[in-house]
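The exercises below are to be worked with the sequence and the coordinates at hand. Each task is followed by a solution in steps.

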Amino acid sequence: MVAEANVEFLQLHDSVLEKLGLGIVGGAVPAGTRISADDVATRFEVSRTVVREVVRVLESLGLLTVRRRVGITVLDSEHWNSLDPLVIRWQLAGPRRAEQLLVLSELRSGIEPLAARLAAARATPAQCGKLTAAVIGMSATSRSADSDAYLAHDSDFHRTLLAASGNPMLRSMSDIVVEVLAGRTRHALMPHQADPEAIRLHGAVASAVQAGDAAAAEQAMLEIVSESTGAMLATENSTESSPT
C-alpha cells in the first residue's frame with residue numbers, strides 16, 4: 001500500500017509539474033503572476049503536499065519565487081535555469097521553439113566539436129567501441145529515424161563522445177544534448193528516414209576519434225551540428241507555414 005501511494009504521489013507530482021512548467025515557460029502564465037497554492041491544488045485535484053513539492057522544484061529551476069507575506073510569484077525568463085533539461089524540454093514544446101533550437105544549436109556547436117577534438121586524444125578503447133556500436137545501431141535503424149530505437153543509438157553516441165572528452169564539465173552537458181535530440185523526435189522534427197550524410201558524419205567522427213585525428217573529429221562533429229540545425233529549422237519553419 002505504501003509503495004502504491006508513493007507511485008500515485010509521483011505520478012500526480014510529475015503531471016502537475018509538467019503542466020505548470022509548460023504554462024510558465026510557454027507564456028500562458030506570464031512573469032509577475034501570483035499563484036495560489038490552494039488554487040493549484042483545487043485546479044489539479046491534488047493535495048497541498050503535491051503542490052508544495054512541485055513549487056519547490058519550479059523554484060529550484062528559477063521559474064518561481066516564494067516569499068513570506070507575498071506568496072508564489074512567476075519569474076521572468078532571465079531567472080530560469082536555462083541549462084536544465086526540464087526547462088529545455090518545456091521551451092521546445094512552446095511557441096518559440098525555432099528560437100530555442102537555434103540557441104541550443106549554438107551551444108552544441110561550441111561544446112561538441114571541442115569534445116570530439118579532445119576525445120581523439122583521450123578516448124579509451126572501450127569508448128571508441130561504443131561510438132562505433134552507436135553508429136552501427138543508427139545505420140541499422142535509419143529507416144525509422146523518428147523512432148525511439150534510433151534516438152537511443154543517437155543519444156548513446158553523443159553521451160559517449162562527451163564522456164570520451166575526459167572533461168567532466170563537457171560530460172555534464174550530456175543531458176542537455178540528449179534533451180535536444182529527444183525534442184527533435186518528440187516534436188516531429190526528425191525525418192522518418194535518416195539522411196545518409198548524417199550517418200556518414202557520425203561514422204567519420206567515430207573513425208577520427210579512434211585514429212587520434214583531432215582536426216578531422218572536430219570538423220565532422222561541427223558538420224553534424226550544422227546539418228542537424230538546418231534540418232530541424234527547415235522542418236519547423238515548414239510546419240509553421242503550412243495551412244491549417
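Contact here means heavy atoms within 4.5 Å. The model is a predicted one.

**Exercise 1. Helix packing around H5**

Task: Determine how helix H5 packs against helix H7, and which residues of H5 and H7 meet.

Solution.
Step 1. Two packed helices are described by the angle between their axes and the distance between the axes.
Step 2. For H5 (residues 97–122) and H7 (residues 148–164), the angle is about 65 degrees and the axes are 7 Å apart. The crossing of this pair is left-handed.
Step 3. Applying the contact cut-off, H5 contributes Arg108, Glu112, Ala115, Ala116, Leu118, Ala119 and Arg122, while H7 contributes His158, Leu161, Leu162 and Ala164.
Step 4. Sorted by class, this contact of H5 with H7 has 7 nonpolar, 1 polar and 3 charged residues.

Task: Repeat the analysis for H5 and helix H10.

Solution.
Step 1. H10 spans residues 196–211, and H5 packs with H10 at an angle of about 40 degrees, their axes being 6 Å apart.
Step 2. On the H5 side the residues are Ala116, Ala119 and Ala120; on the H10 side they are Val205, Ala208 and Val209.
Step 3. The class count for H5 with H10 is 6 nonpolar, no polar and no charged residues.
Step 4. Ala116 and Ala119 of H5 appear in the contact with H7 and also in the contact with H10.

**Exercise 2. The sheet**

Task: Establish the strand order of the sheet and describe the pairing of its strands.

Solution.
Step 1. The sheet is open, has 3 strands in the order E1-E3-E2, and is paired in the antiparallel sense. Its edge strands are E1 (34–35) and E2 (64–67), each of which pairs on one side only.
Step 2. Between E2 and E3 (residues 71–74) there are 4 bridges, again antiparallel. One bridge partnership is that of arginine 67 with glycine 71 in E3.
Step 3. E1 and E3 also run antiparallel and are joined by 2 bridges. Here arginine 34 stands opposite threonine 73 in E3.
Step 4. The hairpin of E2 and E3 has 3 residues between the strands, and within the hairpin arginine 69 takes a positive phi near 70 degrees.

**Exercise 3. The nonpolar cores**

Task: Locate the largest nonpolar core and state which elements supply its residues.

Solution.
Step 1. The largest nonpolar core has 26 residues, and Val16, Ile24, Leu58, Leu63 and Leu64 have the most contacts inside it.
Step 2. At least two residues of this core come from each of helix H1 (2–25), helix H2 (37–44), H3, E3 and helix H4 (85–92). H3 gives the most to this core, with 6 residues.
Step 3. Take isoleucine 24 as a probe: with residues up to four places away in sequence not counted, isoleucine 24 touches Val29, Leu58, Leu63, Leu64, Val74 and Trp80.
Step 4. Apart from this core lies another, of 20 residues, including Leu104, Leu151, Val180 and Leu233.
Step 5. For the protein as a whole, 45% of the 244 residues count as buried.

**Exercise 4. Loop residues**

Task: Find where glutamate 45 and alanine 188 lie, and classify the accessibility of each.

Solution.
Step 1. Most residues other than glycine have a negative phi, and most peptide bonds are trans.
Step 2. Glutamate 45 has a positive phi, near 55 degrees. Alanine 188, likewise not a glycine, has a positive phi of about 55 degrees.
Step 3. Glutamate 45 is in the loop between H2 and H3, and alanine 188 is in the loop between H9 and H10.
Step 4. Exposed means over 50% relative accessible area. Glutamate 45 counts as exposed because its relative accessibility is 72%. Alanine 188 counts as exposed because its value is 55%.

Task: Place glutamine 193 and list its contacts beyond four places in sequence.

Solution.
Step 1. Glutamine 193 belongs to the loop between helix H9 (174–186) and H10.
Step 2. Glutamine 193 counts as partly exposed because its relative accessibility is 47%.
Step 3. With neighbours within four places in sequence left aside, glutamine 193 is in contact with Ser142, Arg143 and Ala145.
Step 4. Serine 147 is 46 residues from glutamine 193 along the chain, and their C-alpha atoms are separated by 9.8 Å.

Notes
Residues are numbered from 1 along each chain as its sequence is written. This is a predicted model: local features need pLDDT of at least 70, side-chain atom pairs count only at pLDDT 80 or more; totals for chains, interfaces and linings use all residues. Side-chain values use heavy atoms; hydrogens and water are left out. Two strands pair if DSSP finds at least two bridges between them. Axes are lines fitted to C-alpha atoms, for helices over the stretch in contact, and angles run from 0 to 180 degrees between N-to-C directions. A crossing is left-handed if the near helix is turned anticlockwise from the far one by less than a right angle, and right-handed if clockwise. Ala, Val, Leu, Ile, Met, Phe, Trp, Tyr, Cys and Pro count as nonpolar, Asp, Glu, Lys and Arg as charged, and the others, Gly among them, as polar. A nonpolar core is a set of buried Ala, Val, Leu, Ile, Met, Phe, Trp, Tyr and Cys residues joined through side-chain atoms within 4.5 Å. Buried means under 20% relative accessible area, exposed over 50%, partly exposed in between (1.4 Å probe, protein chains only).
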